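The exercises below invite you to read a protein model with care, one task at a time. Try each task on the structure before you turn to the solution that follows it.

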Amino acid sequence: MSEFLVNLLGERLVNSEKAEVDVQALGSKLSLVGLYFGCSLNGPCKQFNASLCEFYSKFKKSSEHKDTLEIVFVSSDQDQKHWQDFLQEMQWPALPFKDRHKKMKLWNKYKVTSIPSLVFVDAATGKVVCRNGLLVVRDDPKGLEFPWGPKPFAEVVAGPLLRNNRQTTDISSLEGHYVGVYFSAHWCPPCRSLTRVLLESYRTVKESGQHFEMVFVSADRSEESFQQYFSEMPWLAVPYSDEARRSRLNRLFGIQGIPTLILLDAEGHMITRQGRVEVLNDPECRLFPWHPRPVLELSESNAVQLHEGPCLVLFVDAEEEGELEPAKELIQPIAEKIMTKYKAKEEETPLLFFVAGEDDMSDSLRDYTNLPEAAPLLTILDMSARAKYVKDVEEITPAVVETFVQDFLAEKLKPEPI
């Protein structure tokens, strides 16, 4: 356990008194680590920090598990004094200010897209136990549900579900169905845009004879707004008044922003967190139930995934539909191998794979990342770390891609700034 934590966090952490904390010794007692991603200059982080301090203090004083949990602050501060001042308010250790590389690895590994964020991970394996620790602090202030591990979807969603004619049903209506769990709100313009697309997709899938149902989990700010928004939807919803169940579903899936569409198979196992991207990319629903594809063609609708961690992007000279297929076929076996390897370890893949042709989207990405105009061009882009890795060779072969990917994963490549 200790060896794993040393690999994850480094040999030394620091505390508010500027003293070093030995990770090897710390890890011998722990079963759970809360990685707290934040920044001293962020208002919501300052607010959450106060709540986390209160939660942590109570847990360490009264919980029978007090010795098995530790919080570690992973800062995105750029100024050391601001970081040090913020650390003074904390009772837990932090990654050293200068260890930027380790911080970015943690951001990417746990797919953190916003702050504040608190991710609870198993101290022995690093696997995510609970992605949305902010809700743990809010909903379980006494820590009675420790260690906050995931429960089956059927157990968390259990209870009455609404239809928009105000009748109710129960979760038996979901049995044997693919299920889309839709986190959305009327006040959110991207949510309303996605809802319009989803209405068509839902009807298309249902009319094709597929067993498919959706459950709306509202983030509206009033019952009235919920009712107005839900009246447009032909699927089911968790009652707005059942705030505890809505919160548990947010916690179960680690929702960090809306709109989010989670897709589940008939047994309640997750197919993809990227339902929004899949629906927008497949308006005719030919790829339903939208299992993750090893290689994606870069488009406006899926470009958001470039910000969710390192991405391999192969740029090629292709303008017409279908011309990207040879490029996809070239990198597909490598992408499949990576996907299979990490799925077997129950971990998220550390690298997404894209091919990009000659279009406005690709031109914008090249301009933003200051890439050469060459094609083919093999790159790995890490937007959150503002780093790029470029392989500009005359011929790109499977062996070239394989070596490039393995060297990146082994941290043998030297990054260039974006």
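**Exercise 1.** In this predicted model, find out how K81 and D85 are placed relative to one another in helix 4, and state whether each of them is buried, partly exposed or exposed.

*Solution.* Begin with the positions: K81 and D85 both belong to helix 4 (residues 80-87), and because they are 4 residues apart there, about one helical turn separates them. Next look at the side chains, which form a salt bridge whose closest N and O atoms are 2.9 Å apart. Then turn to accessibility, where exposed means over 50% relative accessible area and buried means under 20%. K81 has a relative accessibility of 57%, so K81 counts as exposed, whereas D85, with 38%, is partly exposed.

**Exercise 2.** Work out where the salt-bridge partners K58 and E54 lie, and then describe the place of the pair K337 and E402.

*Solution.* Take K58 and E54 to start with: their side chains meet in a salt bridge with an N to O distance of 3.4 Å. Both residues lie in helix 3 (residues 43-62), 4 residues apart, which is about one turn of the helix. K58 is partly exposed at 40% relative accessible area, and E54 is partly exposed as well, at 47%.

Now go on to K337 and E402, whose side chains meet in a salt bridge at 3.1 Å, N to O. Since K337 lies in helix 12 (residues 325-344) and E402 in helix 14 (residues 398-409), this pair ties together parts that are 65 residues apart in sequence. K337 is partly exposed at 47% relative accessibility, and E402 is partly exposed with a relative accessible area of 22%. To complete the picture, the count of salt bridges comes to 18, and R12, E20 and D22 are linked in a network of them.

**Exercise 3.** Identify the buried residues of helix 1 and decide how they are arranged around the helix axis.

*Solution.* List the residues of helix 1 (residues 2-9) that are buried, namely S2, L5, V6, L8 and L9. Seen down the axis of helix 1, these buried residues fall within an arc of 165°, and therefore they line one face of the helix. Finally, check the other side of helix 1, where E3 and N7 are exposed.

**Exercise 4.** Locate the cis peptide bonds that precede P116 and P376, and then examine the backbone of N370 and R386.

*Solution.* As a starting point, keep in mind that most peptide bonds are trans and that most residues other than glycine have a negative phi. I115 and P116 are joined by a cis peptide bond with omega of about -5°, and P116 is found in the loop between helix 5 (100-109) and strand 5 (117-122). A cis peptide bond with omega of about 5° also joins A375 and P376, and P376 sits in the loop between helix 13 and strand 17.

Then consider phi. N370, located in the loop between helix 13 and strand 17, has a positive phi near 55° although it is not glycine, and N370 is exposed, with a relative accessible area of 60%. R386 has a positive phi of about 50°, lies in the loop between strand 17 and strand 18 (387-391), and counts as partly exposed at 40% relative accessibility.

Methods. Residues are numbered from 1 along each chain as its sequence is written. This is a predicted model: local features need pLDDT of at least 70, side-chain atom pairs count only at pLDDT 80 or more; totals for chains, interfaces and linings use all residues. Side-chain values use heavy atoms; hydrogens and water are left out. Buried means under 20% relative accessible area, exposed over 50%, partly exposed in between (1.4 Å probe, protein chains only). Helices (H or I, at least four residues) and strands (E, at least two) are DSSP runs, numbered from the N terminus. The arc is that of the directions from the helix axis to the C-beta atoms. A salt bridge is a side-chain nitrogen of Lys or Arg within 4 Å of a carboxyl oxygen of Asp or Glu.
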